[in-house]
Amino acid sequence: MSNEKTIKEEDGIKAIAAALKAGGTLLNVACPNCNYPLIKIDEKIYCKICNQEVYIYRDESDLPKEYKQALKQKTKINSEDTEVEKTIKGKIEDLRKKLEKSVDTDEIVKLSEAIDKLSQTLKKMKEE
Ligand SMILES: [Zn+2]
């Protein structure tokens with residue numbers, strides 16, 4: 001595991017927390033690249049870990065022409081959420097581990113918020 005990747009992930013988690021705080025919505029869809037949950041902001045969907053916009057579609061015919069052409073990343077929504085649930089659970093555990101070690105107040109607040117949001121999302125998924 002390279003240090004570079006770890007730093008990038010931590011930045012991404014912070015960015016997710018910030019985006020949620022700013023009114024972004026956590027989606028029950030994971031990024032095809034990094035498996036972190038995607039965030040919806042102003043009708044656009046982003047992966048804060050990869051730091052790029054992600055297009056979600058059920059079928060390619062759902063997409064406007066220019067989106068098809070610009071399509072860089074593909075995420076298909078499939079009926080089973082179990083993989084996403086597993087991913088979120090894993091991320092909650094990762095965040096919890098970071099929280100245990102953290103001594104920085106700001107970071108503790110951000111991690112707690114992120115864990116709370118992820119837990120809520122997980123709960124909603126199970127209720128559906
Ligand atoms: Zn990603």
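Let's start at one end of the sheet, where strand β3 (residues 44-47) and β4 run antiparallel to each other and are joined by two bridges. If you look across this pair, you will find Cys47 opposite Gln52 in β4. Please keep in mind as we go that this is a predicted model.

Stepping back, β3 and β4 belong to an open sheet of four strands, ordered β1-β2-β3-β4 and paired in the antiparallel sense. Its edges are β1 (25-30) and β4 (52-53), each of which pairs on one side only. At the β1 edge, β1 and strand β2 (residues 37-41) are antiparallel partners over three bridges, and here Thr25 faces Lys40 in β2.

The connections between the strands deserve a look too. The hairpin of β1 and β2 has six residues between its strands, and within this hairpin Asn35 adopts a positive phi near 75°. Moving on to the loop between β2 and β3, we meet Asp42. Although Asp42 is not a glycine, its phi is positive, at about 50°. Asp42 is exposed, because 8 other C-beta atoms lie within 10 Å, and a residue counts as exposed at 12 or fewer. Asn51 sits in the loop between β3 and β4. Asn51 is likewise a residue other than glycine with a positive phi, in this case near 60°. With 11 other C-beta atoms within 10 Å, Asn51 is exposed as well.

Now let's turn to the helices, beginning with α3. Helix α3 covers residues 82-101, and at 1.5 Å a residue its 20 residues should span 28 Å; the C-alpha atoms at its ends are 29 Å apart, so the expected and modelled lengths agree. Which residues of α3 are buried? They are Val84, Thr87, Ile88, Lys91 and Leu95. Because these residues cover an arc of only 95° around the axis, they are on the same side of α3. The other side of the helix carries exposed residues: Thr82, Lys86, Gly90, Glu93, Arg96, Lys97, Glu100 and Lys101.

Ile88 makes a good vantage point within helix α3. Ile88 has 22 other C-beta atoms within 10 Å and is therefore buried, the cut-off being 20 or more. Setting aside neighbours within four places in sequence, the contacts of Ile88 are Pro37, Leu118, Thr121 and Leu122. Pro37 falls in the residue range of β2, while Leu118, Thr121 and Leu122 are among the buried residues of α4. You can also compare Ile88 with Ile115: 27 residues separate the two in sequence, and their C-alpha atoms are 9.6 Å apart in space.

That brings us to helix α4 itself, which takes in residues 105-127. At 1.5 Å a residue, its 23 residues should span 33 Å, and the end C-alpha atoms are indeed 33 Å apart, so here too expectation and model agree. Alongside the three contacts of Ile88 just mentioned, the buried residues of α4 include Lys110, Leu111 and Ala114.

Finally, a word on confidence. The protein chain has a mean pLDDT of 81, and 75% of its residues reach 70 or more. Over residues 72-79, however, the pLDDT is below 50; this stretch still has 13 contacts in the model beyond near neighbours in sequence.

How values were computed. Residues numbered from 1 in each chain as written. Predicted model: local features only at pLDDT ≥ 70, side-chain atom pairs only at ≥ 80, totals over all residues. Expected span 1.5 Å × (residues − 1). Arc of directions from axis to C-beta. Pairing = 2+ DSSP bridges. Contact = placed C-beta atoms within 7 Å. pLDDT = per-residue confidence, 0-100.
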